[in-house]
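This briefing is intended for a reader who has the sequence and the coordinates at hand. Please consult the structure shown here alongside the points below.

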Amino acid sequence: MDRGNLADLTAFVAVADRLSFRAAASQLGVTPSALSHSMRQLEDRLGVRLLNRTTRSVSVTDAGLRLLEQLRPAINQIDGALEDLNQKRLRPMGRLRIYAVHVAAAAVIAPIWRRFLSTYPEVHLELAVGEAPIDLVAKGFDAGIGPRDRVPADLIAVRVMEPMKVAVVGAPTYFARRRPPRTPDDLAQHSCIQYRMAGSGAIFAWPFERNRRSRRISVDGRVMVNDADLAVRAAVDGLGIAYTIEALAEPFLHSGQLVRVLEDWSPTFEGMFLYYTGHRQVPATLRALIDMIRTARSKPAKGLLKNPFTMS
């Protein structure tokens, strides 16, 4: 069935319900003459009269009544589907699929997902973590979260995480055996948790910055990982000093399981952005997530370093 037939059948139901071309035309937003013409075309295509009409009145023929009996359940089902769609448009519900780099998943989504799901009990959240850029639409995701340079030019980007401060951390038990470093050069005397980049396989050199001067330090140690959470866990277990961001280290700093060093040398990296398709009609569920995780829209300070944790 083509779209014109469906429109004409819907118009027929409107006329049959009101027994008035004028009232049906008003409901459908067309003129009575246009509606009358549509009914004549429908009858010609079907080869049967559906309506008896004069200048004063309209009635439904026996054939029209039989057709109406068959059409009404389908029309009601279509109306129900449209109403269901309208409800989904107005309130958060259904499945929301998010693709995020690891740092964003841990620092943006994990801190709010309990509150988000309790606030919107009809939402099912799926969070996929990966470092490789993907085609969100082709993979069926509603949005992605990552650094600004990962956002395709044709997608909308919303800041959801302020610039990230680096945290260089170690366990109190580790520093009980060794003097804490006071400068980046002192790291040569320490066991550091090395980090291998997931994309390139290169070993991560630790960036530092002070008095507008930047430098990178190649560190050594007995443990190497390619996961930011494992780096923090290794530091908590006293295996060495880890280089991470505040958002990942904060729970352990708060509990006293980690202490911070080299804070005056620790740089700040640009924060994270949530990105999605389309300028208009943002789904209510995605809008609710954005509203819950969006941080203050302060402009990033000048001199921010590119986020090294997301470089391949």
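The points below cover a sheet and its helices, two backbone angles, the salt bridges and a surface patch. The model is predicted. Its sheet of five strands is open, with mixed pairing, and twelve salt bridges are present in the structure.

**The five-stranded sheet**

- The strand order in the open sheet is 4-3-5-15-6.
- Strand 4 (123–129) and strand 6 (156–159) occupy the edges; each has a single partner strand, so one side of each lacks a neighbour in the sheet.
- From one strand to the next, the twist averages 25 degrees.
- Strand 3 (residues 94–100) and strand 4 run parallel and are joined by seven bridges; within this pair, G94 stands opposite V123.

**Helices packed on the sheet**

- Helix 5 (residues 102–109) packs on the sheet and touches strand 3, strand 4 and strand 5 (143–146). The direction of helix 5 makes about 145 degrees with that of strand 4.
- Helix 11 (residues 284–293) lies across strand 3, strand 4, strand 5, strand 6 and strand 15 (273–276). Relative to strand 15, helix 11 runs at about 165 degrees.

**The hairpin of strand 9 and strand 10**

- Strand 9 and strand 10 run antiparallel, with five bridges between them, and R210 stands opposite R213 in strand 10.
- The hairpin has two residues between its strands. N211 is found in the loop between strand 9 (206–210) and strand 10 (213–217).
- N211 has a positive phi of about 55 degrees, although N211 is not a glycine.
- The relative accessible area of N211 is 67%, above the 50% limit, so N211 is classed as exposed.

**A second positive phi, at L262**

- L262 likewise is not a glycine and has a positive phi of about 55 degrees.
- The position of L262 is in the loop between strand 13 (259–261) and strand 14 (268–269).
- L262 counts as buried because its relative accessibility is 4%, and the limit for buried residues is under 20%.

**Salt bridges**

- Side chains of opposite charge can pair when their charged atoms come close.
- D185 forms a salt bridge with R215, with 2.8 Å between the closest N and O atoms. D185 lies in the loop between helix 8 (172–175) and strand 8 (193–195), while R215 belongs to strand 10, so the pair ties together parts that are 30 residues apart in sequence.
- Both residues of this pair are partly exposed, D185 with a relative accessible area of 46% and R215 with 32%.
- R210 forms a salt bridge with D264, the closest N and O atoms being 3.5 Å apart. This pair links strand 9, which holds R210, to the loop between strand 13 and strand 14, which holds D264, across 54 residues.
- R210 is partly exposed at 35% relative accessible area, and D264 is partly exposed at 45%.
- R260 and E263 meet through their side chains in a salt bridge of 3.8 Å, N to O. Salt bridges that share partners join E246, R260 and E263 into one network.
- R260 counts as partly exposed at 23% relative accessibility, as does E263 at 45%.

**A nonpolar surface patch**

- L6, I78 and L82 make a nonpolar surface patch of about 250 Å².
- L6 is placed in helix 1 (residues 3–18) and counts as partly exposed, at 37% relative accessibility.

Methods. Residues numbered from 1 in each chain as written. Predicted model: local features only at pLDDT ≥ 70, side-chain atom pairs only at ≥ 80, totals over all residues. Heavy atoms only, no water. Patch = residues over 30% accessible without salt bridge, like charges linked within 9 Å, V, L, I, M, F, W, Y side chains within 5 Å. Areas by Shrake-Rupley, 256 points an atom, 1.4 Å probe, with all protein chains shown as cover. Salt bridge = Lys/Arg side-chain N within 4 Å of Asp/Glu carboxyl O. Helix = DSSP H or I, 4+ residues; strand = E, 2+ residues; numbered from the N terminus. Buried < 20%, exposed > 50% of the residue type's maximum accessible area, 1.4 Å probe, protein only. Pairing = 2+ DSSP bridges. Axes fitted to C-alpha atoms, helices over the stretch in contact; angles between N-to-C directions. Contact = heavy atoms within 4.5 Å.
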